[in-house]
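Colleague: I'm new to this one and would like to start small. Please pick one part, the packing at the start of the chain, and take me through it closely before moving outwards.

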Amino acid sequence: MRRILVGADVALVILMCFGFGSLSYLGYRGYDDFHYVYAALTLLETGQPVVTDHWSIRFPHVFALFTSLNSFGVSEWALTVPPFIGYVCSAVATYFGVRHFWQRGYGLLAAGLFASTSLFAVLSNVPFVLFTQLTLIVVGFWLLIWANESNRLWLNVVAGIPIGLAILAHLTSAAVVISTTIIALLIYKNWRAWLLCALGAAAIGLADMSYFSVTQGEPLYRIKIASNHATITKHNFGNENKLTTKTQQVVSELKPVSSKSFFKFITDSERYWEHVPVNIHWTVNPYIVFLLHYDLAIYSLAFIVILLLTASAQTRPFSAAQKRILLALLTTAVVWLICANYIFSIRPHPRYFGPVAYGIAIALAVYGARLWQQGAPWLRHVVVVIGVGALVMNVLLIDMRESNHTEHRHLAAYMADNPTAQIVVPEGFQGRLFDRIYGMDATNLQLPEQATSSSLWLVARNYPLAKPFSDSCEQWASESRITMIGRFLQLLGIDALVPEHIRRKFISPEQTIRLVRSCDQTMEVSP
């Protein structure tokens, strides 16, 4: 009976992931994911790994994409499989971890809060590195907790393996090394656990260094590439083949790793944090952004409220083990926040703060469930209001998310229906693999200088014409979906009262694209 109940819970968690993840579909975007997909495609077609930039040597993520492309063929759908599997695995691991140390209801609530977090649900179908990295960290964290709470020393070695792989997926995961050290030495006071966990992670690191020693002649090649990222990007970003002699020459001429280049990120931290909407000082700006960003603010503010209510309520304290786990969870989040802000010079984008959002979501679930379980009746009402409010806000945020490259999906559908149409696209369009990922016929795509009188020009937010076009020139326009908020505003008849820049996000978050006939000889495609 117990196994049936656990199986039903896991099925429910998976259904929640499908439910929240399906509210928004961004797919392939052609930003950082371009580099991962390029490396995976190159490995698939040539058998040769790309090692000329820091995206391509994030092997756990590249190999995950490679496996999916090899199994399901080259398509946008195949690229969404690895991040979604990571999304589901993280939710299931969360359920088992919280359920084991608290109760079944706690586990379901924690997994549900994780799955409904707008940041995670939206990026569950985008081939960014987030979920490869986060899944490895989540699995490593719960294995470490299980090893120390159950006194299974050998399990610490197993916990170190996903942590080591997370570092290969993204070097910022080195922050977990610091948090793991604090957890093992200060929270559990077990130096053997720390040593064994470090041994597991070191095995992965040594394997990586051995590989680069053999193939590149330098064991610290990964750090060398990361610390020279800006130099490499100048030569190796757009359409250029990353395996060309020129690109490889640029990499070969990079200076060896030094203490100065390795720690240069610390002095660069101010660069990003000076340019944010609320600018007080670069040392405090990250925390303001974290509390105000719509992807992160809901749970951050709710957690503060729940924490204050818990402190004032007369509830039974957590057990010693539960206190240790909560402390370990919040330690991981805080250490990541500090390292990301001041050491790794990460851009102020929520997807780089996944472990922080995860820690807050799980802690919120545990404290909220405890208040519901033991608090006074009025506290239960407050918890319900906060929970329902957070759920509704997350659903609305997920639903209103737009894709900056929706036009490519619409264009692919148009070309499938009109196989003889000749479409004029900017040079950067073909270099970002959109034609391959969306299954477009590349022979029907033209550069501006190849346009003829019968060509159709692509007009979209990312590829605008330099000069306005006449409506009489329009050949075809895509339709944009309306969000839940947009439908509600239209139902009330007040959508026209909303400011245009806000209204556009609700009424037409997916940018409308147009195909324009070249009836105006003055039209040019902007660079």
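**Helix packing, up close**

Modeller: α1 and α4 sit oblique to each other; angles under 35 degrees count as roughly parallel, over 145 as roughly antiparallel, 65 to 115 as roughly perpendicular, and the rest as oblique. Keep in mind that this is a predicted model, where local features need pLDDT of at least 70, side-chain atom pairs count only at pLDDT 80 or more, and totals for chains, interfaces and linings use all residues. Residues are numbered from 1 along each chain as its sequence is written, and side-chain values use heavy atoms, with hydrogens and water left out.

Now for that pair. α4 covers residues 76-101, and its axis is 10 Å from that of α1, at an angle of about 140°. Helices here are DSSP runs of H or I with at least four residues, strands are runs of E with at least two, and both are numbered from the N terminus. Axes are lines fitted to C-alpha atoms, for helices over the stretch in contact, and angles run from 0 to 180 degrees between N-to-C directions. The α1 and α4 crossing is right-handed (the near helix is turned clockwise from the far one by less than a right angle; anticlockwise would be left-handed).

On the α1 side, the residues that meet α4 include Val6, Val10, Val13, Ile14 and Phe18. Facing them from α4 are residues such as Phe84, Tyr87, Val88, Tyr95 and Phe96. Contact here means heavy atoms within 4.5 Å. By class, this contact has 14 nonpolar, 1 polar and 3 charged residues. Ala, Val, Leu, Ile, Met, Phe, Trp, Tyr, Cys and Pro count as nonpolar, Asp, Glu, Lys and Arg as charged, and the others, Gly among them, as polar.

α1 has another partner, too. Helix α1 (residues 2-21) and helix α5 (residues 104-116) have axes that come within 9 Å and cross at roughly 15°, so the two are roughly parallel. This crossing is right-handed as well. Leu5, Leu12 and Met16 are among the α1 residues involved, and they meet a set in α5 that includes Leu108, Ala111 and Ala115. The residues of this contact divide into 9 nonpolar, 2 polar and 2 charged. Asp9, Val13, Cys17 and Phe20 of α1 turn up in the contact with α5, and also in the contact with α4.

Moving along the chain, compare α7 (residues 130-149) with α8 (residues 154-169): their axes come within 8 Å and cross at roughly 160°. That makes α7 roughly antiparallel to α8, and their crossing is left-handed. The contact takes in Leu136, Ile137, Leu143 and Trp146 from α7, among others, and Leu155, Val158, Pro162 and Ile163 are some of their counterparts in α8. It has 15 nonpolar, 5 polar and no charged residues. The loop between the two helices holds Asn151, which has a positive phi of about 60° although it is not a glycine. At 67% relative accessibility, Asn151 counts as exposed (over 50% relative accessible area; buried is under 20%, partly exposed in between, with a 1.4 Å probe and protein chains only).

α8 also has plenty of buried residues, including Leu155, Asn156, Gly160, Ile163 and Leu168. Their cover includes α3, α7, α9 (174-187), α10 (191-216) and α11. Two of those helices bring us to single residues. Ser68 lies in α3 (residues 59-72) and is buried at 4% relative accessible area. Lys224 belongs to α11 (residues 221-227), and this lysine is buried at 7%.

Just before α3, in the loop that follows α2 (32-46), you'll find Arg58. Arg58 counts as buried at 9% relative accessibility. Beyond residues up to four places away in sequence, Arg58 touches Tyr36, Leu168, Ala169, His170 and Arg222. Arg58 and Arg222 are 164 residues apart along the chain, yet 9.1 Å separates their C-alpha atoms.

Finally, zoom out. The protein chain has 25 helices and 5 strands, and 52% of its 527 residues count as buried. Of the contacts between residues at least 6 apart in sequence, 76% join residues at least 24 apart.
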